[in-house]
Amino acid sequence: MSSDDNAISSKTQSDTPSDDNGATSSETPLDTPSANTGSTSSKRSDAPSVDDNASSFEKQIAIDQLLQIVLSKGDLSKWAEPAHIGRHRSLDVCHDFGLSPVVQAVKSHNNLNIQEKSICEGENSGESGSIAATPRPMSGLEPCPLLIEAWKELSKAVVNFENEPVGTVAALDTAKDSLNYDQVFVRDFIPAGLAYLLKREPQIVKKFLLKTVRLQSAEKKIDQFKLGDGVMPASFKVCHQNDLNTKEAIVADFGESAIGRVAPVDSGFWWIILLHAYTKSTGDTALALCSPIQNGIRLILALCLSEGFDTFPTLLCADGCCMIDRRMGVYGYPIEIQALFFMALRCASKYLQHQKDGEDLIELINKRLQALSYHIREYFWLDLPQLNNIYRYKTEEYSHTAVNKFNVMPDSLPEWLFDFMPRKGGYFIGNVSPSRMDFRWFCLGNFVAILSSLATSEQSKAIMDLVEERWQELVGEMPLKACYPAMENHEWQIVTGCDPKNTRWSYHNGGSWPVLLWLLTAVCIKTGRPHIAQKALELAERRLIKDKWPEYYDGKRGRYVGKQARKFQTWSIAGYIVAKMMLENPSLASIITLEDYCQGRARPVLRRSRSWSCSTDKAKPMY
Ligand code: GLC
C-alpha cells in the first residue's frame with residue numbers, strides 16, 4: 001500500500017477479519033467479509049477501392065470491408081466452397097494483405113457460433129439481443145442455456161433514445177435503490193458493446209459512440225468550475241419529459257452528481273478503445289473518420305497530452321477516477337489509468353487524420369507512447385529480483401546516477417508482498433511517485449497492459465504466471481479480485497476514510513468482480529493460455545445465474561455475494577457473454593487486442609475512400 005500514507009501499518013495483513021469499523025475480531029471465519037455497516041451510501045463508404053499506393057493497413061481495411069459486404073449479402077456459401085476458383089483468388093489476395101483476424105473469423109462460416117439471421121432484420125429495429133441471434137456452441141449442438149439467459153438479461157438492459165438503442169443501464173435490480181445504476185456508464189458499456197460487436201449487431205455501439213461524443217461538447221461545470229472540453233461523461237440517462245408527452249432528453253453526468261464528485265478520467269480512453277473495436281470488427285472506417293468523432297478524439301488528446309509541471313510521462317489523477325470510483329488510495333499515477341492511456345493513444349493514432357494539426361499530434365502521441373512505455377515497463381514492474389533490489393535500496397541518492405530514483409524507503413515494503421511474490425511471475429504495481437510505491441495488484445491495469453502490449457511479451461507471460469501461481473488469492477472461488485490484498489484496520493481508516501462500502505475483502509477493497517472475466521479471457525487468449533480462462537469461467541458459471549448476476553462478491557476467496565452488490569449488474573452479464581464467446585472462438589479476441597508495440601514505428605496511413613461522406617448518422621450499417 002502507499003507508503004506516503006505514513007500512518008499505514010506495514011504489518012502482515014492479518015487473516016482475522018475486522019468488525020464493522022475495520023477493527024480486529026478473532027471470531028469470524030477466515031473468509032468472512034466484514035459485516036455491513038455502510039449506509040448506502042454515409043453512408044458507409046461504398047465498397048472501397050484498394051489503391052496501389054495504399055499502405056497494407058489501408059488495403060487490409062478495404063479488403064475487410066469488401067469481404068464483409070459479400071458476407072453481409074449472405075454469400076457465405078461462396079467462401080465456404082473450396083472448389084470455387086474465384087474464391088481461391090480472392091483469398092490469396094486477402095492473405096497477401098494480411099486479412100484481419102476478426103474478418104477471418106466472420107468469414108469462416110463453420111466457426112461462426114452465431115445463428116444466422118437476416119442482416120437487415122434487427123439492424124435498426126432496436127431488437128438487440130434477441131434470442132433469434134443467440135450464439136450456439138461451435139459444435140452446432142444445443143445452445144448453452146446460460147448464454148441464452150445472459151443474452152436475455154443483457155437485452156433487458158438496453159436503453160433506447162428516439163427508438164434506437166444507445167447503451168445499457170448499469171444494473172436492473174429493482175430490490176435496491178437505483179442511485180445512478182439506472183444510468184448508462186461509459187466504462188460499464190464496454191463489455192456490453194463488445195458483446196454486441198461479437199454478435200454482429202454493431203448499431204448500438206455506433207449510436208453510443210455518436211451520442212457520447214455529442215455529450216462531450218456540452219458545457220460541464222461543477223459549482224462554478226468548468227471542466228476541460230475533452231472530458232467524456234461518466235454516465236448518462238435518457239429522461240422522459242412527461243409534460244411534453246414522450247419527448248426524450250439525454251442528461252449526462254461528468255462527475256457533478258457522482259458520489260464524491262469523482263472525475264471519470266477513464267471514460268474518454270474507453271471511448272477511443274471502443275471506437276477501435278467497432279472499426280476493427282465492422283471495417284466501417286467512415287465512423288472513425290467523420291468530423292465529430294475526429295474532434296472528440298482530439299479533445300480527449302488535448303486534455304491528456306498538454307504540457308505542465310509533470311516530471312513523469314504518466315498521467316496524474318485524483319482518487320476514484322476509474323473503475324475504482326471511490327477513495328481507495330488510487331490517486332497519483334494509477335496503473336489502470338496509465339494502461340488505458342497507453343491503449344487509447346495507440347488506438348487514436350490509427351485514426352487521426354493528417355489534415356490540420358494531425359501530423360503534430362501524431363508526433364506528440366508517438367513521443368508520449370515511447371516515454372510512457374519506458375517509464376511503466378521500468379519503474380512499475382515488480383518481480384522477485386526487483387523486489388530484492390528494492391529491499392536493498394539505499395536512500396537519499398542525489399544526481400542522475402541514482403539507482404533508487406524515486407527515493408523509495410525499503411521499510412515501506414509491506415509484509416504481505418514477500419509471501420505473495422512468486423518465484424516465477426511478476427506484475428505492474430499500482431502506483432509509482434516520489435517515495436511512494438503502491439504494491440497492490442490491480443487486475444484491470446495489468447490486463448489492459450497486456451491487451452495493449454504496454455507489457456512486453458516477457459512481462460505479459462510473467463503476469464499470467466503470477467495469476468496461475470496466486471490463483472487462490474486472485475481468483476479463489478469467484479473471478480476476479482479487482483485489487484489485492486484488502487486494506488484493513490488502521491490502513492482502511494486512513495486510506496478509504498472509513499468507507500463502509502469498502503471494508504476489507506469487499507467491493508473495491510479486495511472484492512471479486514465477475515466483469516473482469518472478459519479481460520481475463522482476452523489476455524489468456526493473447527498469451528496462449530485459454531485453459532486459465534476456461535477454469536475461471538467454470539467457476540463463474542457455477543454461481544452467476546443462481547446468484548442473479550451480482551455486481552461483485554466479498555470475502556478472501558470471493559465466496560459471498562457482495563454486501564451491497566446490485567443483482568442483474570449489466571457488465572457482469574456482458575463480461576460473461578464476451579468471455580464465453582471469445583473462448584468458443586478465440587480469434588474474436590483480436591477486436592480488443594493490439595499488436596506488439598515497437599517504438600518509433602511509423603503508423604499506418606488511413607485515408608477515406610473516395611465515396612466517403614461525413615453524414616455518419618445516416619451511415620448504412622456494415623452487415
Ligand atoms: C460502481 C463501480 C464503477 C461502475 C459503477 C456502475 O460504482 O465502482 O466502476 O461504473 O458502479 O456500475
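Buried means under 20% relative accessible area, exposed over 50%, and partly exposed in between, with a 1.4 Å probe and protein chains only. The model is predicted, so that local features need pLDDT of at least 70 and side-chain atom pairs count only at pLDDT 80 or more, while totals for chains, interfaces and linings use all residues. Residues are numbered from 1 along each chain as its sequence is written, and side-chain values use heavy atoms, with hydrogens and water left out.

**Exercise 1. Classify Ala 288 as buried or exposed, and place Ala 288 in its helix.**

Step 1. Ala 288 belongs to helix α9, residues 285-289; helices are DSSP runs of H or I with at least four residues, strands are runs of E with at least two, and both are numbered from the N terminus.
Step 2. The relative accessibility of Ala 288 is 0%, so the residue counts as buried.
Step 3. Ala 288 and Gln 353 are 65 residues apart in sequence, and their C-alpha atoms are 9.5 Å apart in space.

**Exercise 2. Describe the largest pocket and its lining.**

Step 1. On a 1 Å grid over the protein atoms alone, a pocket is an open set of points with protein on both sides within 12 Å along at least five of seven lines, and lining residues have an atom within 4 Å of a point.
Step 2. The volume of the largest pocket is about 500 Å³; a volume is the space filled by probe spheres set on the points, which are joined across faces, edges and corners.
Step 3. The lining has 25 residues, and the closest to the pocket centre are Val 265, Leu 303, Cys 304, Leu 315 and Leu 316.
Step 4. Two or more lining residues come from each of α8 (265-282) and α10 (291-305).
Step 5. By type, the lining holds 16 nonpolar, six polar and three charged residues. Ala, Val, Leu, Ile, Met, Phe, Trp, Tyr, Cys and Pro count as nonpolar, Asp, Glu, Lys and Arg as charged, and the others, Gly among them, as polar.

**Exercise 3. Explain why Cys 304 forms no disulfide.**

Step 1. A disulfide is a pair of cysteine sulfur atoms within 2.5 Å.
Step 2. The closest cysteine sulfur to that of Cys 304 is in Cys 317, at 10.0 Å, so the distance is too far for a bond.
Step 3. The structure as a whole holds zero disulfides.
Step 4. Cys 304 is also buried, at 5% relative accessible area.

**Exercise 4. Compare the span of helix α21 with its expected value, and state how many of its residues are buried.**

Step 1. The expected span is 1.5 Å times one less than the number of residues.
Step 2. Helix α21 (570-584) has 15 residues and reaches 21 Å from first to last C-alpha, close to the 21 Å expected.
Step 3. In α21, 15 of 15 residues are buried.

**Exercise 5. Locate the cis peptide bonds at Leu 480 and Pro 485.**

Step 1. Most peptide bonds are trans.
Step 2. The bond from Pro 479 to Leu 480 is cis, with omega near -10°; Leu 480 is in the loop between α17 (471-474) and β13 (483-484).
Step 3. The bond from Tyr 484 to Pro 485 is cis, with omega near -5°; Pro 485 lies in the loop between β13 and α18 (489-496).

How values were computed. 1 Å grid on protein atoms, 1.4 Å probe; cavity = no way out; pocket = protein on both sides within 12 Å on 5 of 7 lines; lining within 4 Å.
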